[in-house]
Amino acid sequence: MTTAEIAKIITQACKTGYDADVQPEVTYAQAEFGDFSTNVAFGLAKQLKTAPRTVAERLAGEIKHPQIQSAQAAGAGFINITMTPGYWADRLAEIDQKYGSSRLGQGRKVQVEFISANPTGPLTLGNARGGFLGDVLARVLESCGYNVTREYYFNDAGTQIRKLVESVKAAAGIVSPEEVQYRGQYIQKLAQEFRAELATKPEDELGNLLTQTIFQRYLKPSIEKMGIKFDVWFNEKDLAASGQFDRALERLRREGLVYEQDGAVWLKSSAFGDERDRVLVKAGGDVTYLGNDIAYHLDIFEQRRFDVAIKEWGADHAGQVPSLRSTLRRLAPNKQLHFVIHQFVRLVREGKEVKISKRAGNIVTVDDLMDEVGPEVARFFFLMRSADSHMDFDLDLAKEESHKNPYWYVMYAHVRAHSILAQAGKKGLKPAAGTGGLNGLERQLVKQMTRFPELLQEIAADHGVHRLTFYGLELARAFHDYYESERIIDLDAQVAEDKLYLIQQFTVFMKSYFRVLGISLIERM
């Protein structure tokens with residue numbers, strides 16, 4: 001029974017007790033107050049012009065269900081609900097290796113686009129943050145029954161690529177260096193490797209050669225090391241080659257949404273919510289980011305028939321969001337376009353920020369970080385902050401293999417559970433077929449586990465994947481509290497085997513939890 005189902009029972013109680021139609025909020029209660037709690041009486045009391053406590057006491061008497069043991073008014077007007085012991089035993093029995101999965105999405109097609117770094121150098125910490133956030137969001141959506149495509153969108157032509165070619169030529173001594181050019185060891189290596197080509201090949205061939213080398217040598221291996229597998233690698237040049245941009249521009253013309261001025265093509269974006277009109281094609285013929293983005297998203301929605309597109313972008317792209325969103329609302333009103341904008345990352349070592357600049361050459365790459373802390377620790381840490389908040393990545397904490405490290409604190413809960421089962425097996429003890437009853441700490445542990453399906457559905461709706469790590473820490477804390485409370489394998493055999501069933505179910509649950517995170521389980525430390 002979810003909080004939404006509890007809410008329906010309370011709604012019926014309001015209807016029965018006061019002939020009122022309300023949509024109550026239900027939350028998980030602290031252990032000492034029961035299992036669930038609602039403040040519905042406060043809002044209803046305002047309508048009735050009476051004391052919230054009076055309303056709560058009357059409603060509590062109307063909240064009835066076979067799985068509800070009691071409903072009691074508390075404090076100034078809260079209602080605390082306690083479920084039956086059998087209810088929690090049934091919830092524990094439901095846990096399997098697919099626990100948390102649902103059919104919420106009903107097979108709707110969702111594109112999740114993330115990382116999407118142009119091939120001008122190795123992946124940075126910002127790319128890593130977007131990569132892990134995007135991959136875990138895709139995993140959550142898949143668990144909720146959506147048909148998900150992971151997509152990487154890149155451009156290997158244009159101004160950035162011209163600067164890359166200039167940078168490599170400068171490193172080779174062919175042209176004079178400039179402050180805006182890319183620097184770093186990878187630039188030096190490219191200059192040495194392609195010295196002959198740099199002196200003879202035209203700019204477009206050099207751009208293709210260098211970007212393909214960077215893509216194959218730096219980007220793809222890093223992404224694989226991160227544990228990410230893309231379904232589609234989409235090159236922006238394909239929009240022009242396939243005629244998609246021309247078709248998009250023609251459609252905008254037919255609908256009277258563009259005009260020409262000073263040799264450029266402008267979008268009438270101010271007519272549908274933008275602060276001003278935007279250029280789609282510059283006077284020199286170059287297509288702007290917005291022009292290509294509109295064509296790309298029309299391809300997503302109209303050619304490839306996606307129902308939803310989710311963009312996991314860095315903060316440096318946030319300025320493109322309003323124009324693109326307002327345009328697509330006009331052109332594809334029945335489709336959903338969502339943006340998750342992640343803020344910048346600071347790497348902190350010994351309490352001090354490690355300065356990073358791709359163009360200055362002092363780069364901390366994704367590979368550097370993963371080599372130092374491990375890809376799975378990095379994944380967990382990058383998921384520990386909401387995308388819209390700036391992040392300090394504490395390198396010293398990430399390297400520490402102790403309970404102070406959040407990753408190891410959560411993983412250690414599973415290791416402990418696995419150890420209990422292993423030790424029990426050596427003593428000839430086996431988990432029972434079910435639970436004969438749950439004490440207070442056991443009940444809290446089960447309650448934490450059974451929040452998981454709802455959490456996944458909430459994240460599928462609001463894309464807040466950071467809540468998975470906070471949830472994991474709360475779950476691990478509940479398990480560690482239980483572990484410290486008694487030594488199960490020293491109990492009477494029948495009692496021990498009854499408790500081993502809970503431990504077994506916990507290990508099964510942790511497989512589901514870590515699978516959604518994209519992290520492999522460890523059984524020994």
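**Entry 1: Y18**

I started at Y18, which I found in helix α1, residues 3-18. The model I am reading is a predicted one. I listed what Y18 touches, leaving aside its neighbours within four places in sequence. The contacts are A13, L44, L48, T54, V55, R58 and L59. I then took a long span from Y18 to D262, which lies 244 residues away along the chain. The C-alpha atoms of Y18 and D262 are separated by 68 Å.

**Entry 2: the whole chain**

Next I stepped back to the overall picture. I read 21 helices and 15 strands in the chain. The C-alpha atoms fill a box of roughly 80 × 60 × 40 Å along the principal axes. I checked burial across the 525 residues, and 52% count as buried. I also looked at contacts between residues at least 6 apart in sequence. Of these, 70% join residues at least 24 apart.

**Entry 3: Y186**

I looked up another tyrosine, Y186. Y186 is in helix α7, residues 185-193. Is Y186 buried or exposed? Its relative accessibility is 4%, so I noted Y186 as buried. I took the span from Y186 to D35 as well. Y186 and D35 are 151 residues apart in sequence, and their C-alpha atoms are 57 Å apart in space.

**Entry 4: aromatic pairs**

I turned to the rings. The count comes to 32 aromatic pairs. I opened the pair Y152 and W233, with ring centres 4.9 Å apart. Why is the pair tilted? The planes of Y152 and W233 stand at 35 degrees, and stacking needs planes under 30 degrees apart while edge-to-face needs over 60, so the pair is tilted.

I traced where the two rings sit. Y152 is in strand β6, residues 147-154, and W233 is in strand β7, residues 232-235. They are 81 residues apart, and the pair links distant parts of the chain. I checked accessibility for each partner. Y152 has 0% relative accessibility, so I marked Y152 as buried. W233 has a relative accessible area of 30% and is partly exposed.

I moved on to Y153 and Y296. Their ring centres are 3.9 Å apart and their planes are at 20 degrees, so this pair is stacked. Y153 lies in strand β6 and Y296 in helix α12, residues 289-303. The two are 143 residues apart in sequence, so the pair ties together separated parts. I noted both Y153 and Y296 as buried.

I also found an aromatic cluster. Its members are Y99, F452, Y471, F509, Y513 and F514.

**Entry 5: charges over rings**

I checked two charged side chains against rings. The charged end of R91 sits over the ring of Y87, 4.7 Å from its centre. The charged end of K109 sits over the ring of F306, 4.5 Å from its centre.

**Entry 6: helix α15**

I looked at burial along helix α15, residues 375-382. Why do I call helix α15 largely enclosed by the rest of the structure? Six of its eight residues are buried, so the helix earns that description. I wrote down the buried ones in α15: V377, A378, R379, F380, F381 and F382.

**Entry 7: the second largest pocket**

I then opened the second largest pocket. Its volume is about 700 Å³. I counted 25 lining residues, of which E236, V287, T288, Y289 and N292 lie nearest the centre. Which elements give two or more residues to this lining? I noted α6 (159-171), α10 (237-241), β10 (278-281) and α12. The largest share, four residues, comes from α6. I sorted the lining of this pocket by type and got seven nonpolar, 11 polar and seven charged residues.

**Entry 8: the cavity**

Last, I searched for enclosed space. How many cavities of 30 Å³ or more does the whole structure hold? The search finds one. About 30 Å³ of space lies in the largest cavity. I listed its lining as L133, L137, E312, V340, A387, H463 and V465. These lining residues divide into five nonpolar, one polar and one charged. By those classes, E312 is the charged residue and H463 the polar one.

How values were computed
Residues are numbered from 1 along each chain as its sequence is written. Side-chain values use heavy atoms; hydrogens and water are left out. Contact means heavy atoms within 4.5 Å. On a 1 Å grid over the protein atoms alone, a cavity is a set of points where a 1.4 Å probe fits but cannot get out, and a pocket is an open set with protein on both sides within 12 Å along at least five of seven lines; lining residues have an atom within 4 Å of a point. Grid points are joined across faces, edges and corners, and a volume is the space filled by probe spheres set on the points. Rings of Phe, Tyr and Trp (its six-membered ring) pair if their centres lie within 6.5 Å; planes under 30 degrees apart count as stacked, over 60 as edge-to-face and the rest as tilted. Buried means under 20% relative accessible area, exposed over 50%, partly exposed in between (1.4 Å probe, protein chains only). A charge sits over a ring if NZ of Lys or CZ of Arg is within 6 Å of the ring centre and within 35 degrees of the ring normal.
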